[in-house]
Amino acid sequence: MDVRDAGFQGNLDADQSESQISHLALDIGGSLIKLVYFSRNKDSPIDNNKDSKDSVIEGRLNFSNFETSKINDCLEFILSKKLHLGGFRCHEAPDGDKILIKATGGGAYKFADLIKEKLGVSIEKEEEMDCLVAGANFLLKAVHQEAFTYMDGRKEFVHIDHNDLYPYLLVNIGSGVSMIKVDGDGKFERISGTSVGGGTFWGLGRLLTNCKSFDELLELSHQGNNRVIDMLVGDIYGGLDYSKIGLSSTTIASSFGKAISDNRELEDYKPEDIARSLLRMISNNIGQISYLNALRFGLKRIFFGGFFIRSHAFTMDTISVAVNFWSKGEAKAMFLRHEGFLGALGAFMSYEKCGRDDSMAHQSVQRYPVCKPIVGDKICYPLNGDLNDNGSLECSVYAV
Ligand SMILES: Nc1ncnc2c1ncn2[C@@H]1O[C@H](COP(=O)(O)OP(=O)(O)O)[C@@H](O)[C@H]1O
Ligand SMILES: CC(C)(COP(=O)(O)O)[C@@H](O)C(=O)NCCC(=O)O
């Protein structure tokens, strides 16, 4: 994809018509459905010259998400914007299966029949790990200032040397957590995972604090103080560091450890403090397991994705501190601006395979431009903290 200039914008303009939208891809996970679709700029002509290798269509990649439990709202959204027409056509298929939409994640299996019934299109399933890796590689190669470090409240963009990107560890924190060693385009191995992930934080957090939304839980954690519930080294060592083994008095010795000794009930704790301890416990644990897996394979760079992160300062800070602490400063935690959309982007990129399929190349050439990452073009992003919700990425796609 030739990303010439990019910025995050709102959703589609109201007057964008169906003919301007193509390539809908879905990632239907345990918690959230992620959508990526391309919308052509109104003034960008569709180039029907199928012999040309260089026809460029300018437009935007749009990103949206819905809770998986509200899949019907998502399908209504797709219908209202006619996004379901942005699939690819398979002439050999029986009538009802002629339009196929790329989808990945467990929900591509679980909801295939519902989608067929409600949208009248079929799902072409793409493997989840393939998509995560393809999405991450695309972002790291094609989008300037995609990756950044976050430590002590400071965000620093990381220059990615395309000739020295691999190997790296990709940690996707969704409902559960997958850890993938990436060695190249399409070359990877899922080396580990843990069931203590984003679903755990949201599930336990909802039960313990009674909050009604994930954002409310994050907001609570922002205001809380984990020291009220966590048992610190200093609580055990009379306010002292345990310097012989490198633990300062403020290190958490036992997450939620004070809750056992206090004779206090759940309602005696502030929801803010519970949310803070929980977020810290889960982020710390993921950071530590990630580092141990990086160590197993000698990987120095760890990229974190998944909607759990939500560009949340405290989450990123905790993960970074854990990686830094355990690696003694050797390994680096890096985050991705499109953190939650790796799988959906990977499914989106897989439309390229359709363009290369001889049996339908003709139709694909004319109707469905194919994205080809082209590295090195500069993109300028507005730097604010709220880029990943329904933002869009301006780009050009090459029709092949
Ligand atoms: N609005 C939200 N509703 C629910 N969970 C959210 C929301 N925003 C972020 N999350 C977090 O993101 C996690 C899901 O991340 P995601 O990468 O979409 O995984 P999955 O593919 O399993 O749905 C949730 O478990 C939760 O921790
Ligand atoms: C099963 C999953 C790949 C599904 O992906 P998700 O919907 O959580 O993004 C993921 O939840 C996971 O890797 N869980 C951890 C399982 C384990 O290795 O213990």
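Begin at helix H5, which supplies 3 residues to the shell around ligand 1, the largest share of that shell. The model on display is a predicted one. Select residues 198-209 to show helix H5, and then residues 32-40 to show strand E2; each of these two elements contributes at least two residues to the surroundings of ligand 1.

**Ligand 1 and its shell**

Next, display ligand 1 together with its neighbours. The shell holds 17 residues, and Leu-32, Lys-34, Ser-175, Gly-198 and Arg-310 are the closest. Colouring the shell by residue class will show 6 nonpolar, 8 polar and 3 charged residues.

Which backbone atoms should be examined around the oxygen atoms of ligand 1? Select Leu-32 first: a polar atom of its backbone is 2.8 Å from an oxygen atom of ligand 1. Then move to Phe-307, where a polar backbone atom is found 2.9 Å from an oxygen atom of the ligand. At Phe-308, the distance from a backbone N or O atom to an oxygen atom of ligand 1 is 3.3 Å. On its own, ligand 1 has 570 Å² of accessible area, and the protein covers 91% of it.

Now colour the two domains. Domain 1 comprises 2-131 + 341-383 + 391-399, and domain 2 comprises 147-229 + 269-336. Why is ligand 1 said to lie between domain 1 and domain 2? Both domains give residues to the shell around ligand 1, so the ligand lies between them. With a surface shown for the protein alone, the space that ligand 1 takes can be identified as the largest pocket.

**Ligand 2 and its shell**

Turn next to ligand 2. The space taken by ligand 2 is likewise the largest pocket. Three elements each give two or more residues to its shell: helix H4 (128-142), strand E10 (177-184) and strand E11 (187-194). Of the elements, E11 gives the most, with 3 residues.

To see the surroundings in full, select Gly-29, Gly-30, Glu-128, Met-129, Ser-175, Gly-176, Val-177, Ser-178, Arg-190, Gly-193, Thr-194 and Ser-195. By class, this shell divides into 2 nonpolar, 8 polar and 2 charged residues. Keep the domain colours in place: domain 1 and domain 2 each provide at least three residues of the shell around ligand 2.

Three distances deserve display here. A polar atom in the side chain of Arg-190 is 2.8 Å from an oxygen atom of ligand 2. For Glu-128, an N or O atom of the side chain is 2.9 Å from an oxygen atom of the ligand. At Ser-175 the backbone takes part instead, with a polar atom 3.3 Å from an oxygen atom of ligand 2. How much of the accessible area of ligand 2 does the protein cover? Ligand 2 has 460 Å² on its own, of which the protein covers 63%.

Ser-175 merits a further look, as this residue is among the closest to ligand 1 and is also listed in the surroundings of ligand 2.

**Two backbone details**

Leave the ligands and select Tyr-166 with Pro-167. The peptide bond that joins them is cis, with omega near -5°. Pro-167 belongs to the loop between strand E8 (154-157) and strand E9 (168-173).

For the last stop, select Gln-145, in the loop that runs between H4 and strand E7 (147-151). The phi angle of Gln-145 is near 55°, which is a positive value in a residue other than glycine.

Definitions and conventions:
Residues numbered from 1 in each chain as written. Chains lettered and ligands numbered in written order. Predicted model: local features only at pLDDT ≥ 70, side-chain atom pairs only at ≥ 80, totals over all residues. Heavy atoms only, no water. Near = heavy atom within 4 Å. Polar contact = N/O pair within 3.5 Å; in protein donor to acceptor, adjacent residues only side chain to side chain. Areas by Shrake-Rupley, 256 points an atom, 1.4 Å probe, with all protein chains shown as cover. 1 Å grid on protein atoms, 1.4 Å probe; cavity = no way out; pocket = protein on both sides within 12 Å on 5 of 7 lines; lining within 4 Å. Sits in = over half its atoms within 2 Å of the grid points. Helix = DSSP H or I, 4+ residues; strand = E, 2+ residues; numbered from the N terminus. Nonpolar A, V, L, I, M, F, W, Y, C, P; charged D, E, K, R; others polar. Domains from an automatic or database assignment.
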